[in-house]
Amino acid sequence: MLRYTVRRLGQLVLVVLVLSLLIFAWLHSLPGGPVSALLGERATPESTRALTIQLGLDQPIFVQYWKFLLRALSGDFGVSLGVQPGASVVDVFLTRFPATIELSVCAIILAIVFGIPLGYLAARRRGGWFDNLSIGASLIGVAVPVFFLAFLLKYIFAVKLGILPSLGRQDAIDATRVTGFFVLDGLLTQEWDASLNALKHLILPSIALATIPFAVIFRITRAAVLDVQDEDYVRTAESKGLTTRVIRARHVLRNAMLPVVTTIGLQTGALLAGAVLTEGVFNFPGVGDALATGFRQHDYPMLEMLVLVAAIVYVLVNLLVDLSYALIDPRVRAK
Amino acid sequence: MALLEVRDLTVQFRRRGEEPFTAVDGVSFDVDPGQTIGLVGESGCGKSVTSLAIMGLLPRKGNQVTGSVRFEDTELLSLSQSQMRDRRGRDLGMVFQDPLSSLNPVVSIGLQVTEVLERHRGMARKAAMVEATELLDKVGIPDPGRRLSEYPHQLSGGMRQRALIAMALACRPRLLIADEPTTALDVTIQAQILALLKELVTDTGTALIMITHDLGVVAGLCDEVNVLYGGRVVERAARHELFAEPRHPYTHGLLASIPRLDAPRGEKLVPIKGSVADNIPWDGACAFAPRCPNALDTCTQVTPEQESLANRLLRCHNPVEVTA
């Protein structure tokens with residue numbers, strides 16, 4: 001198990017290296033570029049050349065990549081050009097990353113907490129009204145665009161009913177920062193109001209972000225339970241006269257969880273895509289928002305770091321999935 | 001008194017918009033304590049459905065079970081789901097056909113054995129583990145202590161079936177139903193498993209219902225044999241009588257289609273023509289008539305009734321004559 005983990009982490013290094021090259025090459029082949037973005041309408045041929053040399057963009061691309069790589073290894077991703085001009089990319093990232101983590105964790109918890117039990121219930125009541133209703137609901141969940149749902153939620157609960165905040169991570173209140181995770185900070189410093197306030201700000205964005213993962217997890221759970229409950233070993237368990245509780249938990253759910261765990265991993269990895277839209281609608285200052293802004297303003301250094309981190313997170317989540325898979329399924333452990 | 005009395009057991013599967021399908025059609029038989037009886041027939045003759053009906057393991061929806069299944073003094077068919085749950089695994093055990101798919105792949109062998117002991121004998125996990133070690137040892141699994149912590153994929157096919165037998169017999173049920181327990185195994189392993197079953201039921205006085213399509217299995221194991229066709233018992237006799245003088249043309253055909261070492265070289269096997277019909281045309285005919293070499297006109301006009309002869313039950317208008 002340990003050797004497996006170490007080997008997988010080794011693979012991670014390789015993946016990140018290749019990815020960094022791809023991202024770098026791809027960003028630098030885009031038209032426009034940071035120089036024209038920075039100078040805007042005031043660009044003259046002289047100032048353009050001067051800035052190109054100043055940013056090192058006149059050098060061959062592999063030289064640029066090598067320099068980028070060396071700096072990145074020492075934790076220096078350069079200076080933001082557009083998201084927060086002049087600030088260190090790493091600093092910008094570090095203030096925004098906790099916001100997205102908070103949002104994603106809330107969203108995936110919502111998706112799991114509702115998706116798995118409802119999927120299980122729908123499978124038990126297959127063909128009944130509950131099953132049909134929730135299949136319909138999950139279809140809508142997948143089909144409705146995230147940004148539309150985000151606007152809808154914002155309009156109903158923030159604008160019309162006014163019961164939940166519509167923008168940002170926290171109201172302008174006195175709050176001590178410790179970790180950058182606002183909900184956690186409030187708990188650590190016992191500033192309960194601050195914690196509660198941050199949590200309220202999370203409700204609508206996480207619901208919007210959770211819909212697609214919820215719908216997918218719900219459907220996979222339902223299908224997996226339907227599959228598993230017809231298996232021979234469930235009949236064996238029945239023939240042993242075991243209680244329904246044991247049969248459901250040990251024989252049906254444990255096996256049905258295998259595909260669900262994989263799905264949770266994939267969905268968690270894909271959350272960033274949804275976060276770009278959700279954070280935009282709710283003015284939530286996370287990395288999704290930074291990514292969108294970065295693209296609009298050709299903030300290469302920012303984008304390089306964000307895409308790289310997104311890739312690392314994705315690979316780490318998948319590693320976590322594989323490890324938990326091995327925990328559930330002894331057949332995987334053996335290999 | 002019989003341990004198990006099955007009377008007029010009928011199972012119909014009903015699907016919306018379709019004719020009900022009668023899988024088991026008025027089957028009756030007894031099992032005495034410690035007796036081994038065989039239910040024999042081709043796929044689709046209703047033998048597995050009969051056993052699932054006795055165990056109360058048929059799907060809850062879409063079927064209708066009528067008749068009577070008395071186990072000692074209890075009518076099993078009138079028990080509630082949870083009462084039946086208390087019986088299964090304790091009074092009645094069952095072993096299935098495919099040992100790999102019948103074991104939960106993600107639960108250790110040990111837990112799959114101890115969960116029965118915990119459920120019906122109220123044992124704590126630790127005590128149950130000790131008992132499970134003995135059980136695995138009894139069914140001939142070497143190094144049982146180590147096997148307890150292993151998972152089904154780490155065991156061979158024969159070992160898996162042994163483990164399943166250990167689970168079925170863990171609470172010393174008075175009746176064990178084995179549904180084709182050797183079909184999925186290698187031939188050499190088949191013989192071992194049959195010998196094991198025989199030894200275990202003899203030692204513990206457990207009655208055994210052996211469900212099989214393999215007359216070889218019956219020959220080595222069963223005291224009495226019921227031959228099923230189209231959901232009905234067509235012939236019943238003690239083992240010796242059945243093999244020596246098969247009277248029903250179907251039984252006769254089954255025996256004739258077994259290759260024999262003492263047959264002259266070059267002699268061809270005689271298969272039974274055709275296959276089991278989709279629905280059972282016992283109404284106003286014998287269901288076997290279309291495939292029967294002895295068929296008369298009456299066979300397609302009158303349903304044969306079950307007759308009691310000197311040493312057997314028979315349901316046939318024109319049985320095979322006894323060759324002296």
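The following conversation goes through a predicted model of two chains, A and B, and asks what lies behind the terms used for it.

Reader: Happy to start with chain A. What makes up its secondary structure, helices or strands?

Author: Chain A has 14 helices and zero strands. Read from the N terminus, every element in the run α-α-α-α-α-α-α-α-α-α-α-α-α-α is therefore a helix. The C-alpha atoms of chain A fill a box of roughly 85 × 55 × 40 Å along the principal axes.

Reader: How do you know which parts of chain A are listed as "transmembrane region"?

Author: That comes from the UniProt record, an unreviewed entry, which places the feature at residues 12-29, 101-123, 135-157, 202-220, 256-277 and 305-328 of chain A. Such annotations may be inferred rather than shown by experiment, but the model can be set beside them. Residues 202-220 of chain A are 100% helix and 0% strand, with end C-alpha atoms 26 Å apart. For residues 135-157 of chain A the figures are 91% helix, 0% strand and 25 Å.

Reader: Why is helix H11 of chain A said to fall short of a straight helix?

Author: A good one to check by hand! The expected span is 1.5 Å times one less than the number of residues. Helix H11 (residues 244-281) of chain A has 38 residues, so a straight helix would reach 56 Å, yet its end C-alpha atoms are only 46 Å apart.

Reader: And what makes you speak of a kink in H11(A)?

Author: The bend compares axes fitted to the seven residues ending at a position and the seven starting there. In H11(A) there is a kink of about 40°, centred on A:Leu253. After H11(A) comes A:Asn283, with a positive phi near 45°.

Reader: How is chain A divided into domains, and what do they share as contact?

Author: Domain 1 of chain A covers 2-73 and domain 2 covers 96-333, with 32 Å between their centres, taken over C-alpha atoms. Contact asks for C-beta atoms within 7 Å, and it takes 14 residues from domain 1 of chain A and twelve residues from domain 2 of chain A. On the domain 1 side, helix H1 (2-28) and helix H2 (34-39) of chain A each supply at least two residues. The largest share there, ten residues, comes from H1(A).

Reader: Over to chain B. Where does the name "domain: ABC transporter" come from?

Author: From UniProt again, in an unreviewed entry, which lists residues 4-255 of chain B under that name. In the model this span is 40% helix and 26% strand, and its end C-alpha atoms lie 28 Å apart.

Reader: What makes S6 and S11 of chain B edge strands?

Author: Eight strands of chain B form an open sheet with mixed pairing, in the order S6-S7-S8-S3-S9-S10-S12-S11. Strand S6 (92-95) and strand S11 (307-308) of chain B each pair on one side only, and these are the edge strands.

Reader: S11(B) is short. How do you know that S11(B) and S12(B) pair?

Author: Pairing needs at least two bridges. S11(B) and strand S12 (residues 312-314) of chain B have two bridges, in the antiparallel sense, so they count as a pair. B:Ser308 stands opposite B:Leu313 in S12(B).

Reader: Which is the antiparallel sheet in chain B?

Author: That is the open sheet of four strands, in the order S2-S1-S4-S5. Its edge strands are strand S2 (21-31) and strand S5 (74-75) of chain B. Strand S1 (residues 4-13) of chain B and S2(B) pair over eight bridges, and the bridge partner of B:Gln12 in S2(B) is B:Thr22.

Reader: What are the domains of chain B, and which element gives the most to the side of domain 1 that touches domain 2?

Author: Domain 1 of chain B takes in 4-91 + 173-314, and domain 2 of chain B takes in 96-172. Their contact draws 18 residues from domain 1 of chain B and 18 residues from domain 2 of chain B. S7 and helix H8 (187-204) of chain B each supply at least two residues of the domain 1 side, and H8(B) gives the most, with seven residues.

Reader: Finally, how many residues of chain B are in contact with chain A?

Author: 25 residues of chain B are in contact with 20 residues of chain A. Helix H2 (81-87), helix H3 (99-102) and helix H4 (109-121) of chain B each supply at least two residues of the chain B side. H4(B) has the largest share of that side, four residues.

Definitions and conventions. Residues are numbered from 1 along each chain as its sequence is written. Chains are lettered from A and ligands numbered from 1 in the order in which they are written. This is a predicted model: local features need pLDDT of at least 70, side-chain atom pairs count only at pLDDT 80 or more; totals for chains, interfaces and linings use all residues. Domain bounds come from an automatic or database domain assignment. Two residues are in contact if their C-beta atoms, placed from the backbone, lie within 7 Å.
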